[in-house]
Amino acid sequence: MDYVNPRSKPLPVLEAEATEAPDPDRRAFISEAARLAALTVLVSACSGGLGSVTGPGSSTLSKAITVKLSDYPGLANPVSAVRINGTNIPLALVNEGNGQYTALSLICTHQGGTVQWNGQIFICPVHGAEFASDGHWIGGQPTTNLVSFPTSYDAAANTVTISP
Ligand code: FES
């Protein structure tokens, strides 16, 4: 009888595992789970991690509004900007000096973040687009100018009317 080294024979269990074909249902399940996990990460990054995003295209002022400048002492000295109350969209009025006022939607034209005035320019906190006080894009994330609305200054009444 020939001597057989027991270590040279593979164990039956290991042999069965090595030759067993992967279960197609299991492989499909793992592939689907990985796809859903990647999708979940992508959705959470887009919706929660980048700040408030409302989407561009919603910068329509529903009606004209007359602003009493005495209600906004922050507009006393040019160049200054304040957020106007009581409008259907976030709206800023800018005192450019010499009786010139600019009304701007604060909705970023890139992906709808709400831009903020830093004392000199508007900056979007979402991806960093920058806009001059007249709404023109000047740097950061490339996009179009902020939406502006016609204004009419009445020096006697000390009001500015913003039209849609
Ligand atoms: S939403 Fe992207 S820069 Fe404003």
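**Figure 1. Polar contact of the Asn95 side chain in the predicted model.** The side chain of Asn95 reaches the backbone oxygen of Leu75 at 2.8 Å; a polar contact is a pair of N or O atoms within 3.5 Å, where, within protein, one must be able to donate a hydrogen and the other to accept it, and residues adjacent in sequence count only if both atoms are side-chain atoms. This is a predicted model, in which local features need pLDDT of at least 70 and side-chain atom pairs count only at pLDDT 80 or more, while totals for chains, interfaces and linings use all residues. Residues are numbered from 1 along each chain as its sequence is written, and side-chain values use heavy atoms, with hydrogens and water left out. Asn95 lies in strand S3; helices (H or I, at least four residues) and strands (E, at least two) are DSSP runs, numbered from the N terminus. With a relative accessible area of 5%, Asn95 is buried; buried means under 20% relative accessible area, exposed over 50%, and partly exposed in between (1.4 Å probe, protein chains only). Beyond its neighbours within four places in sequence, Asn95 is in contact (heavy atoms within 4.5 Å) with Leu75, Ala76, Asn77, Pro78, Val79, Ser80, Gln100 and Tyr101.

**Figure 2. The hairpin of S2 and S3.** S2 and strand S3 (residues 91-97) pair in the antiparallel sense over five bridges; two strands pair if DSSP finds at least two bridges between them. Ser80 of the pairing stands opposite Asn95 in S3, and Ser80 is also among the residues in contact with Asn95. Six residues lie between the strands of this hairpin, in which Gly86 takes a positive phi near 80°. Four of the five residues of S2 are buried, so this strand is largely enclosed by the rest of the structure.

**Figure 3. The open sheet S2-S3-S4-S9.** Four strands form an open sheet in this order, with antiparallel pairing. Strand S2 (80-84) and strand S9 (148-149) stand at the edges and have a single partner strand each, so one side of each is left without a neighbour in the sheet. At the S9 edge, strand S4 (residues 100-105) pairs with S9 in the antiparallel sense over two bridges. The bridge partner of Leu104 in S9 is Ser148.

**Figure 4. Surroundings of Leu106, with Cys108 and Cys124.** Leu106 is placed in the loop between S4 and strand S5 (116-117). The residue is buried, its relative accessible area being 5%. Leaving aside neighbours within four places in sequence, the contacts of Leu106 are Arg83, Pro90, Leu91, Ala92, Gly113, Thr114, Val115 and Phe122. A distance of 9.0 Å separates the C-alpha atoms of Leu106 and Cys124, which are 18 residues apart along the chain. Cys124 is buried at a relative accessible area of 4%, and Cys108 counts as buried at 2% relative accessibility. The structure holds zero disulfides, a disulfide being a pair of cysteine sulfur atoms within 2.5 Å.

**Figure 5. Thr66 and the pairing of S1 with S11.** Thr66 lies in strand S1 (residues 65-68). S1 and strand S11 (residues 159-162) pair in the antiparallel sense over four bridges, and Thr66 stands opposite Thr161 in S11. The side chains of these two residues make a polar contact at 3.1 Å. Not counting residues up to four places away in sequence, Thr66 touches Thr159, Val160 and Thr161. Although Thr66 and Thr159 are 93 residues apart along the chain, their C-alpha atoms are separated by 6.5 Å. In a regular strand the side chains alternate between the two faces of the sheet. Along S1, Ile65 and Val67 point to one face and are buried, whereas Thr66 and Lys68 point to the other and are not.

**Figure 6. Confidence along the chain.** The protein averages a pLDDT of 79, and 65% of the residues score at least 70; pLDDT is the predictor's confidence in each residue, from 0 to 100. Over residues 8-19 the pLDDT stays under 50, and the model has two contacts beyond four places in sequence for this stretch. Residues 36-52 also have pLDDT below 50, with eight contacts in the model beyond near neighbours in sequence. Where pLDDT is low, the predicted coordinates should not be read in detail.
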